[in-house]
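Ready for some practice in reading a protein structure? Take a look at the sequence and the model below, then work through the exercises one step at a time.

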Amino acid sequence: DEGTYNAVLSSLASPLAQRMRRIEVQAGSPEGAAALRQYFDHIRLHPPSNERMAVVERLADSRHELQFLERLLLVTAREIAVGFGDPPPSQAEIRDAMQTYLPMAQRMILIRELGVYRDVPDRDLSRYAAMWESGPFQRFSRILEESSAAAFGSGVREAAQAVRPFLGKAPVHQNP
């Protein structure tokens, strides 16, 4: 989809997107991880405002972060079963099993977003979310999610198939 590709690349070349990308890359560095831990300690005593939470939630929603994580978990559960030669669980069974953890995952995503974008004004975060909410970015996100799930699922299945022969030979550790 050349139109989507060009629109996304053009938007990613904007000063706002370039600045956000630098912030995101920095957050993934060892120094950034240390700064995030400090920020997490800070927000325990100084929780963010409702307005800030709304902007961060909008950004996370615009990028489908929880849905992406849920999709990877679904693919992982299914492909591990297939790789081990078992019938795969249904999506409903997997979703039911994840219901305990998805609310925690959503909180984790939001807290991380608060930390990553801690110094970004609400106005800029709103503009960044609007970029991700645009038609081209929504199409791009769907394409990225599908291709990532396919590649990830294939890798998980291959890994399960590779270790499958060793499972019957390994001693089983039992708790006393």
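A residue is called buried when its relative accessible area is under 20%, exposed when it is over 50%, and partly exposed in between. Keep in mind that this is a predicted model.

**Exercise 1. Sort D41 and R44 by exposure, and describe how they interact.**

Solution.
- Step 1: D41 has a relative accessible area of 44%, so D41 is partly exposed.
- Step 2: R44 reaches 65% relative accessibility, so R44 counts as exposed.
- Step 3: A salt bridge needs a side-chain nitrogen of Lys or Arg within 4 Å of a carboxyl oxygen of Asp or Glu. In the salt bridge of D41 with R44, the closest N and O atoms are 3.4 Å apart.
- Step 4: Now place the two on their helix. D41 and R44 are three residues apart in helix α3 (residues 30–45), so about one helical turn separates them.

**Exercise 2. Follow the salt bridges of E24 and E65, and find the network that joins them.**

Solution.
- Step 1: Start with the total: the whole structure has 16 salt bridges.
- Step 2: E24 meets R21 through a salt bridge between their side chains, with 3.6 Å from N to O.
- Step 3: These two residues are three apart in helix α2 (residues 15–27), so E24 and R21 are separated by about one helical turn.
- Step 4: E24 has a relative accessible area of 18%, and therefore E24 is buried.
- Step 5: Go on to E65, which forms a salt bridge with R63; here the closest N and O atoms are 2.8 Å apart. Both E65 and R63 are buried.
- Step 6: Shared partners link salt bridges into one network made of R21, E24, R63, E65 and E113.

**Exercise 3. Classify the ring pair F137 and F140, then look at the aromatic residues around it.**

Solution.
- Step 1: The structure has four aromatic pairs.
- Step 2: For F137 and F140, the ring centres are 6.4 Å apart and the planes stand at 75°, so this pair is edge-to-face. The cut-off used here is that planes over 60 degrees apart count as edge-to-face.
- Step 3: Both residues belong to helix α9 (residues 135–167), where F137 and F140 are three residues apart, about one turn of the helix.
- Step 4: Check each residue's exposure. F137 has 1% relative accessibility, so F137 counts as buried. F140 has 30%, so F140 counts as partly exposed.
- Step 5: F137 and F140 form one aromatic cluster together with Y117, Y128 and W132.
- Step 6: W132 has a charged partner too: R63 lies over the face of W132, at 5.8 Å from the ring centre.

**Exercise 4. Describe the largest nonpolar core, and say which helix gives the most to it.**

Solution.
- Step 1: The largest nonpolar core has 31 residues.
- Step 2: The residues with the most contacts inside this core are M20, L59, Y117, L125, Y128, M131 and W132.
- Step 3: Next, trace the helices. At least two residues of this core come from each of α2, α3, α4, α5 (65–83), α6 (91–98), α7 (102–116) and α8 (122–133).
- Step 4: The helix that gives the most to this core is α7, with six residues.

**Exercise 5. Explain what stands out in the backbone of H64, and locate this residue.**

Solution.
- Step 1: Recall the general rule: most residues other than glycine have a negative phi.
- Step 2: H64 has a phi near 55°, a positive value in a residue other than glycine.
- Step 3: H64 is found in the loop between α4 and α5.
- Step 4: With 24% relative accessibility, H64 counts as partly exposed.

**Exercise 6. Look at the surface: which residues make the nonpolar patch of about 290 Å², and how exposed are L9, A54 and G28?**

Solution.
- Step 1: Y5, L9 and L12 make the nonpolar surface patch of about 290 Å².
- Step 2: L9 sits in helix α1 (residues 2–12). Its relative accessible area is 41%, so L9 is partly exposed.
- Step 3: A54 sits in helix α4 (residues 50–62). With a relative accessible area of 43%, A54 is partly exposed.
- Step 4: G28 is in the loop between α2 and α3. At 61% relative accessibility, G28 counts as exposed.
- Step 5: Finally, compare sequence with space: G28 and V116 are 88 residues apart along the chain, and their C-alpha atoms are separated by 9.1 Å.

Definitions and conventions: Residues are numbered from 1 along each chain as its sequence is written. This is a predicted model: local features need pLDDT of at least 70, side-chain atom pairs count only at pLDDT 80 or more; totals for chains, interfaces and linings use all residues. Side-chain values use heavy atoms; hydrogens and water are left out. Helices (H or I, at least four residues) and strands (E, at least two) are DSSP runs, numbered from the N terminus. Buried means under 20% relative accessible area, exposed over 50%, partly exposed in between (1.4 Å probe, protein chains only). Patches are made of residues with over 30% relative accessible area and no salt bridge: like charges are joined within 9 Å, nonpolar side chains (Val, Leu, Ile, Met, Phe, Trp, Tyr) within 5 Å. Accessible areas come from the Shrake-Rupley method with a 1.4 Å probe; for residues, only the protein chains shown count as cover. Rings of Phe, Tyr and Trp (its six-membered ring) pair if their centres lie within 6.5 Å; planes under 30 degrees apart count as stacked, over 60 as edge-to-face and the rest as tilted. A charge sits over a ring if NZ of Lys or CZ of Arg is within 6 Å of the ring centre and within 35 degrees of the ring normal. A nonpolar core is a set of buried Ala, Val, Leu, Ile, Met, Phe, Trp, Tyr and Cys residues joined through side-chain atoms within 4.5 Å.
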